[in-house]
Amino acid sequence: MRTKLVPRFDNIFDKMINQRLGFSEGEAKRNDFLQFLLEVKDEGDSKTPLSMTHLKALLMDMVIGGTDTSSNTIEFAMAEMMKNPQVLKKAQQELAAVVGEDNIVEESHIQSLPYLKAVMKETLRLHPILPLLVPHCPSQTTIISKYAVPEGSRVFINVWAIQRDPNNWEDPLRFDPERFMDSKWDFGGSDFRYFPFGSGRRNCAGIAMAERMFMYLLATLLHSFDWKLKDGEKVETDEKFGIVMKMKTPLVAIPMPRLSNPTLYL
C-alpha cells in the first residue's frame, strides 16, 4: 500500500510546488507552511541544508501522520459525547455562546472554547491515539528505577495504561472532561500521568497542528449539526489496538442541520 501511495503524493507535491514557484512577483505572496519551507530552502543554511526531497518528506509526514490519527481521535470524541449527552449539550452551548447561532466556526474561535479543549484532552487520556507512543532506542545503557535499559533496545511506553491508572485518576474509565478544566494539564508531557503526545525532545512534532485540526473539525461538527444513531443502535467505544488506535466498531451517526440559516451550509 505504501509503495503505491508515495509516487501519487510525490506527483501531487511536485504540482503544488511548481505552481508556487511559477507565481509572478506581482501576485500576492502566500503566507503558509509550504511558502515557509520554500523560503528556508532558498536561504541555504549550510549547517542544516533543506533539499527538495527533505521538503517533500515533511509534507508527507503532515499528510500521512496527521490524517488518520486526527480523524480517529475525533471519532472517539464523537462516540464518547453521544454516550454522554450532557457533555455534548454543554459543548454545543459553549459553541452557541462563542460562535453564535447565525455563524460558522472559524479558526479564531478555537482559543475561546475551553470546555471543548477539555473534551479533546479527556479523549486523548482515555483513548490515546498511539497507545504505546513511538518506540525509542537508547544510545547507551541506562538505569531507570533500578532497571537496566540496554543500549540499542527498543522501548515502548504504555501511555494507554498510565492514563487509566486508578492510582493517578479518579474513576479512570469514566469520560469526564471536567477533570481537565484545570489549566495545569497540557500536552507538553511535563506530568508523567498524562502525556498522549510523548514527552521531552522526542515528543510529537505535530502537537500544534493536531490541536487545531481536532478543535476546528469537532467544533464544526457539533455546531452545525445535531447527531443521532439509527433506530435500535448503541454507541460502542471499544478499541482496536494497533500502532494507531481505532474504534473496534466504527461510529455511524446521522447529522441533522441545526443552524437557522440554510445558506451557511453552502
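## Chat about a predicted model

Analyst: Starting with a core residue in this predicted model: Met81 touches Val87, Leu88, Ala91, Val119, Phe175, Leu218 and Leu222, leaving out residues up to four places away in sequence.

User: OK, and which residues touch the most other members in the largest nonpolar core?

Analyst: Met81, Leu116, Leu218 and Leu222 do, in a core of 43 residues. Helices H4 (68–83), H5 (85–99), H6 (114–126) and H8 each put in at least two residues.

User: What about a second core, who's in there?

Analyst: That one is separate and has ten residues, including Phe13, Leu34, Leu37 and Leu59.

User: Let me zoom out. How many helices and strands in the chain?

Analyst: Eight helices and six strands. Going along the sequence, the pattern reads α-α-α-α-α-α-β-β-α-α-β-β-β-β.

User: And what does the C-alpha trace span along its principal axes?

Analyst: About 60 × 60 × 35 Å.

User: What share of the residues is buried?

Analyst: Buried residues are 36% of the 266 in the chain. The accessible surface is about 16,600 Å², and carbon and sulfur atoms account for 55% of that.

User: Of the contacts between residues at least 6 apart in sequence, how many join residues at least 24 apart?

Analyst: 67% of them.

User: Switching to the surface. Which residues form the nonpolar patch?

Analyst: Phe33, Phe36, Leu58 and Met62, with about 350 Å² of accessible area together. Helix H2 (33–43) and helix H3 (52–65) are the elements that give two or more residues to the patch.

User: Take Leu58 there. Buried or exposed?

Analyst: In between: Leu58, which sits in helix H3, has a relative accessible area of 35%, so Leu58 counts as partly exposed.

User: Anything in the record on a binding site? Which residue does that annotation cover?

Analyst: The UniProt annotation "binding site" covers Cys204, and the entry is unreviewed. Cys204 is in the loop between helix H7 (159–162) and helix H8 (207–224).

User: How much of Cys204 is accessible?

Analyst: Its relative accessible area is 34%, so Cys204 is partly exposed.

User: Gln163 caught my eye too. Where is Gln163?

Analyst: Also in a loop, the one between H7 and H8. Gln163 has a relative accessible area of 0%, so this residue is buried.

User: Which residues is Gln163 in contact with?

Analyst: Setting aside neighbours within four places in sequence, Gln163 is in contact with Leu124, Arg125, Pro128, Trp169, Arg193, Tyr194, Phe195 and Pro196.

User: Now backbone stuff. What's phi at Lys146?

Analyst: Near 70 degrees, a positive value in a residue other than glycine. Lys146 lies in the loop between strand S1 (142–144) and strand S2 (147–149).

User: Is Lys146 buried or exposed?

Analyst: Exposed, because its relative accessibility is 84% and the cut-off for exposed is over 50%.

User: And what's phi at Asp171?

Analyst: Asp171 has phi near 45 degrees, again a positive value in a residue other than glycine. Asp171 is placed in the loop between H7 and H8.

User: What does Asp171 count as for exposure?

Analyst: Partly exposed, at 41% relative accessibility. That falls in the band between buried, under 20%, and exposed, over 50%.

Key: Residues are numbered from 1 along each chain as its sequence is written. This is a predicted model: local features need pLDDT of at least 70, side-chain atom pairs count only at pLDDT 80 or more; totals for chains, interfaces and linings use all residues. Side-chain values use heavy atoms; hydrogens and water are left out. UniProt positions are given in the numbering used here, feature names are shortened, and annotations may be inferred rather than shown by experiment. Helices (H or I, at least four residues) and strands (E, at least two) are DSSP runs, numbered from the N terminus. Buried means under 20% relative accessible area, exposed over 50%, partly exposed in between (1.4 Å probe, protein chains only). Patches are made of residues with over 30% relative accessible area and no salt bridge: like charges are joined within 9 Å, nonpolar side chains (Val, Leu, Ile, Met, Phe, Trp, Tyr) within 5 Å. Accessible areas come from the Shrake-Rupley method with a 1.4 Å probe; for residues, only the protein chains shown count as cover. A salt bridge is a side-chain nitrogen of Lys or Arg within 4 Å of a carboxyl oxygen of Asp or Glu. Contact means heavy atoms within 4.5 Å. A nonpolar core is a set of buried Ala, Val, Leu, Ile, Met, Phe, Trp, Tyr and Cys residues joined through side-chain atoms within 4.5 Å.
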